[in-house]
Amino acid sequence: AHLASESTHPSWDSERAHELFSYITAVENNNRMSPTSGTNVANDDGIVIMSPPLIDNRLVENNKSNDRTASSTPATSASSSPYLQPSSSPHIPSGFALQLHGAISGDLEDSLVDNNAASSISSCNSVIASPASQKSLRTHNPIRAIVDPIMAHSVKCGKERGDGKDQISLALGDPTAYGNIPPCPVIISAITEALQKPGISAGYVNATGTPEARHAIHKYHYPNANNTSLHDGDDEFNIVVTSPDDVIVANGASGALELGLTALLDEGSVLLVPRPGFPLYQVIAESHGARVVHYDLLPNQGWECDLDQIDRIISEEEEDYANDMNTTKVVRGIVVNNPANPTGAVYSEEHLMQIIKLAEKWNVPIIADEIYGDLVFHSSIFHPMANVASKLGCTVPIITASGLGKQYLIPGWRLGWLIFQDSCHGSIQDVKKGAQRLAQVVLGASSLAQTVIPAVLDPSNTSDVAAIAQWKENFYTKVENQAALLCGLLKECQGLEVIQPQGAMYAMVKIHTHLFDDDIHDDISFMKLLLEEENIVVLPGRAFGWSEECDSPVFRVVFCAPEDVLRCASERISSFCSRHIV
């Protein structure tokens, strides 16, 4: 009964559970009386029962010959229980993993066997080994694969190093890591108030989010409720109506991207992602067996997308697929990150229009990762992709991923969302419904955390509106000043070239390797030596898909640390460069 309740396999029931238990118990009891060397028993379902000195060789031979009847009944039995007769081996569902000790409860032992048999079970080391799923084996994080081996032997404490240089990280994309910028106070007040009402914030909520949160998100993104736009310059209007039903609240923007891409991609389909870019897109897509094709961002053009390359990629992919009778497109989406990680780029409305027109040409949806929202610098302006698509007639569906984590400094609260803005042709209704079904697997984000979404996106009183506006102005100004400070100091370092960021929390720095000695020949060697000599951590461009074939090697820095930390880090980097310049 315990086995049946713990298994989700459709062919596994209590009868089979008792059958398996009886079979293994009898085998163990038999072999306890006449132990042999270690054996493996494999059935025709591909399951291997490994019981190193406890399974009789006769049973091995019988299983190999697919004879499901044991060669003999144990001559001497420690119990007369009918459950201990190894009459026939049970059918075990393929892929079903059983750790015998963990799966058999004490109640089941007591009800089926006497004390001697229970003693036999408790001394048993039998397991059924099951392989890892193909999805898990396809899941690899490029950042971890590159950085973890380098960081494995690093020493954070300067005293332990002997040079007094404590480790400074310019690599971690967590704006709260140093604690120098507090979260929005309205959020703290909202969560404090919610904790006083456990009946409201402690229970389950709809898997796609609370009605209040979804309404606030929709109102924030669509203050005019509907998108109405001219089509092809005619007098005919396209009306694409969005509603809170088009919103799914998820576990952070990463969880939102997981939902959206899972609903969009199939094994063998293709997703276009930027290079350099946030590696999560690739991790999610490849875990589902989809294929990732990178398109380049152009560093000398403000990291804009290489539109000609995107056009060629889609043309080649669709041409290769043209002979297939299946009419489903192989290229399922283009990911556009704006403002961008790791480049700090912010795209103009004109460039976004060019991307949308290209997507319209190939009838490909756009996945807009806009987690940094309006966190932009100088005269840069953030243009939401969905708004730009509306101006062009809603001819391309836009799936937007965003959240509160980076814009309001609560990344650990895991509050993100998806918004499905369909095209005027109703292109992604099935994708939206698929994402809604997938949301039921994890039941959405924390109901307590969701209470802060209306508080900051749709505040109910003027004092909160003023407080949020003041906090955002202070926060954005501080980040912009820190960006200017760090980038200005790094520009003075020999052999480095900073590509000025326009927003987000990152900047990319070129390494002119021909100006350095032979110890520095790429981004990986630069990172390793900088860590060894100065105890400064940066992320190499290769962690974001950047390769030597793309352009000069690069590394990414985060400028959210306090100013004194940024100054200290810059001084060490400058000393490092001076030592290795030729």
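**Exercise 1.** Find which elements help cover the buried residues of helix α18.

*Solution.* Start with the cover: it includes α12 (211-221), β8 (247-251), α13 (252-264), β14 (398-403) and β15 (415-421). Helices here are DSSP runs of H or I with at least four residues, strands are E runs of at least two, and both are numbered from the N terminus. Next, look inside α18, which spans residues 429-442: Val431, Lys432, Gly434, Ala435, Gln436 and Ala439 are buried. Buried means under 20% relative accessible area with a 1.4 Å probe, protein chains only. Residues three or four places apart in an α-helix point the same way, because there are 3.6 residues a turn. Finally, step past the helix to leucine 443, where phi is positive, near 60 degrees.

A quick note on the model: it's predicted, so local features need pLDDT of at least 70 and side-chain atom pairs 80 or more, while totals for chains, interfaces and linings use all residues. Numbering runs from 1 along each chain as its sequence is written, and side-chain values use heavy atoms, leaving out hydrogens and water.

**Exercise 2.** Work out which residues touch the most other members of the largest nonpolar core.

*Solution.* A nonpolar core joins buried Ala, Val, Leu, Ile, Met, Phe, Trp, Tyr and Cys residues through side-chain atoms within 4.5 Å. In the largest one, with 119 residues, the answer is Leu404 and Leu496. Helix α21 (residues 462-491) gives this core its largest share, 10 residues. A second, separate core has 27 residues, among them Ala256 and Ile399.

**Exercise 3.** How much of the chain is buried?

*Solution.* Take the 582 residues: 52% count as buried.

Conventions. Buried means under 20% relative accessible area, exposed over 50%, partly exposed in between (1.4 Å probe, protein chains only). Contact means heavy atoms within 4.5 Å.
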